[in-house]
Amino acid sequence: MKQQENENPLESSPSSFFGESSNCSPLLGSLNKTALHNSRHSFSGRSSQSIPGIRSDYNVVKSFGFPLPVVVNEALTSVGSAAGTVSAKVAQNGLAWVVHGRRLLIWQYKESSKGAKHPRREGGLPQCRELQLPYSDLGYNSELISVFQTDGQQMASCIAVSATGDVRYWPSIAHDGNTVNLPILTGQDFVQIINLPLQEGYLAVTSTSTLVFLSVGVTNGRYSLHHKTIKPATSLLGGFGSDKDPLLVGMCCEINSPEGETVKVTVLSDRSIQRWSLSSKGNTEHLLHKDEEVVRRISEEFKQKFWNLRTPADNVEIELHLLDFHIVDDKAYILAGAVNAAHAPQMCYAVAVASVQANSILLESFTPLKLNKFYNAKTKEDCVSLRFIIGSSHIYLYTPKVVYPLLLENAVPTAELEAEKIEFHLHDDRILCAAVCSRLPLFFSRTHGLVSITPGDFDANELHNMSTCNTPDLFEPAMLGSFSAPDQSALSAVTGSSNNLHMFELDPDELYSDRRDEVGQLKAAFVYHLKRNNSMVKTIIGELLRTVNEPDQCGAPLDAYKLDRIVITIAEDLAEDLPIADSRWEEALGDHHGNRHALGSSRSMQIINQLRDKTLAFDHFVSFLHASGIWEKLNAIPCGSNVLKPTSFILSDISEKIVAAMALRSLQAKQPEIIEHAIDATVAMWDEKPNGNLTTQDIFYVKLCKFQFVFKALAEMADNQISAQRDTIVMVAQFLNDTNSIVLDTLGQVFMHREQQANNFTPNNDRLAACENLPWTAMSGSAGVLDTLNRLIDLSLRYGYAQCISEAELSQKLYQQIYELVDLVLEGRKSYLECSSVRGSEKANLLQQQFEAQRRELISVLIKDLKYEYAAKLAEKYLDFHSLVLICDVTNDKERLDDYMRKYEEFDFSQFAIRWYLRQKRHGEVFERFKDNPAALAQFMRDHPSLVWIQLIFNGDYEQAAKVLYELAQNEEIVARKKSMLSLAKQAAFAAPDTDLTLQKINADLRLIKYQLQLSHDVLQNSGLDPVEQKVLKAEDIIDLYIADENESATDVEFGKALELLSFVEQPYDLRHKIWCAAIRRDNWIYDPNNAVEYIQKLLFFKIIEISHVKGQEGDNFLPPMEEFLESTELVDLPQNKSFQNLLKLTYEYVADKFKQPQDMKV
């Protein structure tokens, strides 16, 4: 005790708030008096502070569970001075929620019991769901909300009650828009809601203790809410017997039957405590008993214990406040405060414990607390803010700023021991709520999130048997925040071992003198740190820092990474130090002195204890680096191909490999054959052979820095099992299942450790934090396990699941493992991409493409196997929108597609989905699928105006659709596409009521396109045009191609088409002349005068006239006057040729005579 007093100055000692033992006599039975030397205070004063702003000398304070989602952090930190407007609640099902105004934020803070066997892989922020609460004048608080998940339910449900009685129910928290609403008891002030067992109903209670039973029904697939008021006259809360309504203190619910068909509801008001039996469906209720005596006795105990008022003659009234109420193991714990205004304006506090009997409630003990607060109208709210929760060994009283752990003895608070005051010091911090999860006390801090507080003198065996939820490692010492270290007695209490670690026996003076190299000096400083010789620590560290920063005497360049290499060397040595008490190592290695100054060497003969001791030693070493200032000096060192990796991350990798070895060793009892063979194969890979009496396991569990090789060995064993073809298909599948289970469980412990210890291995500045960090679990090659994970996925798909579909249970297990393996692979690559150094580098685009390709490949396999839920989870997590749309499409799940459009609105998911359907050439489905999302369609149409016509047709506006299509066709450059648009426009015009003008224009353009498409392949090619994907040509250009000299095969038909095309030209006269001149040049105008008429009929010129006349064209409209040709310069010298002149005149006369009109004939 003297040592303790010297180590703990008076001003820093924890304050006591319990009364004198003489005033703490229980009402029934007696409290055991515990001597101070048997209490927690026999341990040395050590700081277990691992969270800034929260200090405890005798309790372990740690962050708990998954990190808070970003949106929750923002809500907690944005409230500023209005901190009271935010409330929170933590449920035992692994869910927590925060209420901020009308925003309800829900997330998973730990793995639920259903998923405890599959802890989350690769740390990352959990997903947060946000719901909108209905409007309420009085606002909301977290006690009026319940979030729950029943068996077989994929997504949690939620029910919320406003203070004014508006109920809203969400069947799934994933769909904020899918709700059922119901108003109940307007004018009441609701304060609490609880779930009944089996989720068959809910109880809501008002401030005046009026109880309402709520239930959810399903009719024809539609949810509905029902309520029933438990009327005071005949029901649950009737008969308080006063004109003034009773004020509710609390309500508790317990299962009354094994099947949960009935429950016991206990209601404490400021007047009485009542017990009721209620059917879980709410249709019957029965009063078991009502006791006003308990409240009266508590008031009398206050008078006697605090103010020595023992007789009624004293006639002093006190102001009694019942503050909080819980029932645990048939005992009712009531926290109360009282004010005796006649004595002093202060509130005194006590804890009363009552035994809950079948037909009565009996007060057993009354424990005064040495805690009081000044009481007046302004401080009343602070005075009545004290609450409590009950853990396995302590009752934890707390206010928004302070926690008081109070030891329980025989289920009764112990008054003799002093209770520590654990303060949440930060200015903006406050405790929003508290709960007990699997017997672990949790406190929700506004600044730090979930925090666990556990006693430093716990029974290791008891806590080891606690639930397997994601709790902090209680066997792990807290990180040290100063140059002090715990002494041996404290460490023994924490670890449950008896000085197994050799480092506590080392003589720092001997180490300092024997090892003059930098590694030895830093080791000596560490041991001095353990011995609390702070002056020597500072001296050695100062010398070491000067040495590593001095230039080399031989002129060698300064090693900028020297300090980092020293630290990493010690860390690797610590991880691979030999067990000092195992004589087999001494026999095998002979005269080996390497273990003389080993920091991680254990005296235990059990491998699991040796590994646990290495974890403990490593944590102490990291704590020393922080406390001594070395951590701030660490840099990043080259790793691999010119990549700098911060030393802190390298230390994290080493720490994780020790944890992985512990996890594998723990699994060895379940899968001895597979793991032992894998260890043998791993040691063989290292070219190591055990000497003497050592085994391969001894070597393997020492060479921890190469631990990752065991995963490669496991995959090769699975491959060999398949190649050997000795076993049946089911046996091979079972082997793969066992192998996957080993890998996943081992890595699961690694990821949990990584998440819990993230703060301890954070680089000391933003520059280092921005460096690349590819953990060993995400590395490919021999340094990591990524290749192994990919290999196991492939083997499990091809030779596991695909071959054992008939074995339902085994195939389900395998696919769950495949899903988790894929998750690990993608999480590793995603985390690497999110490094700021990678994000801004040249290789970022390439890495992103590789990630997206692998993401698509892995998830598509799940879709192919119809594992849509697994695929959807991964696609949601890693934003694979292609897979999400594909899943919605193949499952025809429009509701899910709508949900994704809301959920990923910031990523323009709706636009991606629309483009996906268009790429599939399913234009017609776009408007059917997205008709309920006009905003998305409108945005898409703004970005893609060429598709507006689709929406117009979908809306039935055919006339406008025809006009839009026609206008789009005018801007189209490719003939085929223009023809398609015009054809669609024509169909729309036919469907419209009045589109004659538009239809005429469309038909004209289609005729022009028809003329172009009749051009021969050779003509286009000879003219340098693409004959396959023709561009749109003008009528003038088409005419030129028909009459071009290159078109040697042109006949009167082609020239006739050229003349027909003149109708598409505004000024056709010059072109008409050009066409006829081209025809004239193709004829031979030298003839025999004796056969002139016969010769005329062979001329191309005449054939064109003849075919035009057949088509109904009159000469004056298509044939120019003869004088034009006789004066034409385009015919060069031909007009001066007498033969041409005579034959041309003869042709005109012959044509006039042959094609003369019946009346008024003209030549």
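**Notebook: salt bridges in the predicted model**

I began with helix H20, where aspartate 794 forms a salt bridge with arginine 798 and the closest N and O atoms are 2.8 Å apart. The model I am reading is a predicted one. Because aspartate 794 and arginine 798 are four residues apart in helix H20, about one helical turn separates them. I then looked up accessibility and found aspartate 794 partly exposed at 35%, with arginine 798 also counted as partly exposed, at 43%.

Next I looked up aspartate 719, which forms a salt bridge with arginine 791, the closest N and O atoms being 3.0 Å apart. Aspartate 719 belongs to helix H17 (residues 709–724) and arginine 791 to helix H20 (residues 786–800), so this pair ties together parts that are 72 residues apart in sequence. Aspartate 719 is partly exposed at 23% relative accessibility, and arginine 791 is partly exposed at 29%.

I turned then to glutamate 143, whose salt bridge with lysine 89 has its closest N and O atoms 3.5 Å apart. Since glutamate 143 sits in the loop between strand S6 (128–132) and strand S7 (145–148), while lysine 89 is in strand S3 (residues 86–90), the pair ties together parts 54 residues apart in sequence. For glutamate 143 I noted a relative accessibility of 33%, which counts as partly exposed, and for lysine 89 a relative accessible area of 21%, again partly exposed; the lysine 89 value falls in that class because buried means under 20%.

Last, I noted that Asp823, Glu827 and Lys877 are linked in a network of salt bridges, and I recorded a count of 22 salt bridges.

Notes. Residues are numbered from 1 along each chain as its sequence is written. This is a predicted model: local features need pLDDT of at least 70, side-chain atom pairs count only at pLDDT 80 or more; totals for chains, interfaces and linings use all residues. Side-chain values use heavy atoms; hydrogens and water are left out. A salt bridge is a side-chain nitrogen of Lys or Arg within 4 Å of a carboxyl oxygen of Asp or Glu. Helices (H or I, at least four residues) and strands (E, at least two) are DSSP runs, numbered from the N terminus. Buried means under 20% relative accessible area, exposed over 50%, partly exposed in between (1.4 Å probe, protein chains only).
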